[in-house]
Amino acid sequence: MTDCAGCAALLRGWDDILVLCHASPDGDTLGAAGALVQGLRALGKRAWAACGDEVGEKYRYLVDGLLAGGEAPAHVLSVDVATPELLGPLEKEYAAAIELAIDHHGSHKPFAKESWVDPKAAAACELLYQLLKELGAPIDKPMADCLYTGLTTDTGCFRYTNVTPLTHRIAAELLELGADAGEINRRMFECKPKAQVEAEKRILAGMEFFFEGKCAMVQVPQSVYKDTGAQESDLEGVASLPRQIEGVLVGVTLKEKEDGRVKASLRSNPPVSACAICEKFGGGGHKYAAGCTFEGASLAEAAGKITAAVQEHLAGLNLL
Ligand SMILES: [Mn+2]
């Protein structure tokens, strides 16, 4: 395990650097990679970002002109990646080559030669901000936008329990560096494609409740995308909807992937640990926001397994 200074020392000695994001990319992994690649370039190094899945329109500005185009990297690091499987399609090619992992997931399983993991950080971008300062990289407006995007998306616009005084201090400094907070937050939280609203209508209409309303579940079959024209990236925010309902302690979102796997996203309220429930199925994440994947199970089968695990967890907390 290394720290901020250790990461900076490693990076100072490197060139031709590839920064890997997790699959199903979000604002934090892309913002972290985008800011780091720009910072390394400003220090005169060659650097690129890579992601196993396509970057949705909403997040494209974070990695514009920064994605690798077949270059052979000399050094590989990952940002916001808790386990190698989360690299998705990039796992096979790069998992064994990762020399440094910078992450903030409590469920991080060390896989890189060196890692800097701080579960107290609300976002990987919190760590990246500190690292860029340690490196002496100038943080310009596009980089500040990247880092701010990671902070705001991983904290639900600074509303979640992972927010600390440091999160706000870093956000304040990013505003001073020119981050366009109003516009980023509007784009991330106040603006959705019509197809997304159509999809959400369908999904919410199918919401089910369990255990006297302590658990709410929605399911997203592939047909939702076909019928509404919504993209997978449009429906990332859906996972936060079931938990918003009064009395719900754990919200479950099950998404059927194109290859037939079922991805579960859990969001919980204290004292329920979404992470503990997901760990039963080989997944993980943060205490109140976690995920896991079911192979070879239908949506209905995955729903059955998850509700059984939720029931067991609630019973363990004397909540049933
Ligand atoms: Mn993150």
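What percentage of the 320 residues in the protein is buried? Buried residues make up 54% of them, where buried means under 20% relative accessible area, exposed over 50%, and partly exposed in between (1.4 Å probe, protein chains only).

The model is predicted: local features need pLDDT of at least 70, side-chain atom pairs count only at pLDDT 80 or more, and totals for chains, interfaces and linings use all residues. Residues are numbered from 1 along each chain as its sequence is written, and side-chain values use heavy atoms, with hydrogens and water left out.

**Figure 1. The whole protein.** Twelve helices and eleven strands make up the secondary structure. Helices (H or I, at least four residues) and strands (E, at least two) are DSSP runs, numbered from the N terminus. The C-alpha trace spans about 55 × 40 × 40 Å along its principal axes. The radius of gyration is 19 Å, which agrees with the value near 20 Å for a compact globule of 320 residues. That radius is taken over C-alpha atoms, and the globule rule is 2.2 Å times the number of residues to the power 0.38. Of the contacts with a separation of 6 or more, 65% are between residues 24 or more positions apart. Contact means heavy atoms within 4.5 Å.

**Figure 2. Surface and charges.** The accessible surface comes to about 13,800 Å². Carbon and sulfur atoms hold 51% of that surface. Areas come from the Shrake-Rupley method with a 1.4 Å probe; for residues, only the protein chains shown count as cover. The protein has 31 positive and 44 negative charges, and their mean positions are 2 Å apart. Lys and Arg count as positive and Asp and Glu as negative, while His and the chain ends are not counted. Each charge is placed at NZ of Lys, CZ of Arg, CG of Asp or CD of Glu.

**Figure 3. Strands β1 to β4.** Strand β1 covers residues 17-20. I17 and V19 point one way from β1, L18 and L20 point the other way, and all are buried. β1 pairs with strand β2 (residues 47-50) in the parallel sense over four bridges. Two strands pair if DSSP finds at least two bridges between them. L20 has A50 of β2 as its bridge partner. β1 also pairs with β3, again in the parallel sense, over four bridges. Here I17 is matched with H75 of β3.

Strand β3 covers residues 75-79. Five of its five residues are buried. H75, L77 and V79 lie on one side, V76 and S78 on the other. In a regular strand the side chains alternate between the two faces of the sheet. Four bridges link β3 to strand β4 (residues 98-103), and these two run parallel. V79 has I102 of β4 as its bridge partner.

**Figure 4. Two aspartates with positive phi.** Most residues other than glycine have a negative phi, and most peptide bonds are trans. D16 has a positive phi of about 55°. D16 sits in the loop between α1 (4-12) and β1. Its relative accessible area is 19%, so D16 is buried. D80 also has a positive phi, near 70°. D80 belongs to the loop between β3 and α4 (91-94). At 2% relative accessibility, D80 counts as buried.

**Figure 5. A144 in helix α6.** Helix α6 (residues 141-154) contains A144. Its relative accessible area is 0%, so A144 is buried. Leaving aside residues up to four places away in sequence, A144 touches I139, L174, L177 and A179. G31 is 113 residues from A144 along the chain, yet their C-alpha atoms are separated by 9.2 Å.

**Figure 6. Strand β11 and its partners.** Strand β11 (residues 289-294) has two unlike faces: A290, C292 and F294 are on the covered one, and A289, G291 and T293 are on the uncovered one. Six bridges join β11 to strand β9 (residues 262-268), and the two run antiparallel. In this pairing, V262 stands opposite F294. Strand β10 (residues 284-286) is joined to β11 by three bridges, also antiparallel. H286 has A289 as its bridge partner. β10 and β11 form a hairpin with two residues between them.

**Figure 7. A cis peptide bond.** The peptide bond from P270 to P271 is cis, with omega near 5°. P271 lies in the loop between β9 and α11 (274-279).
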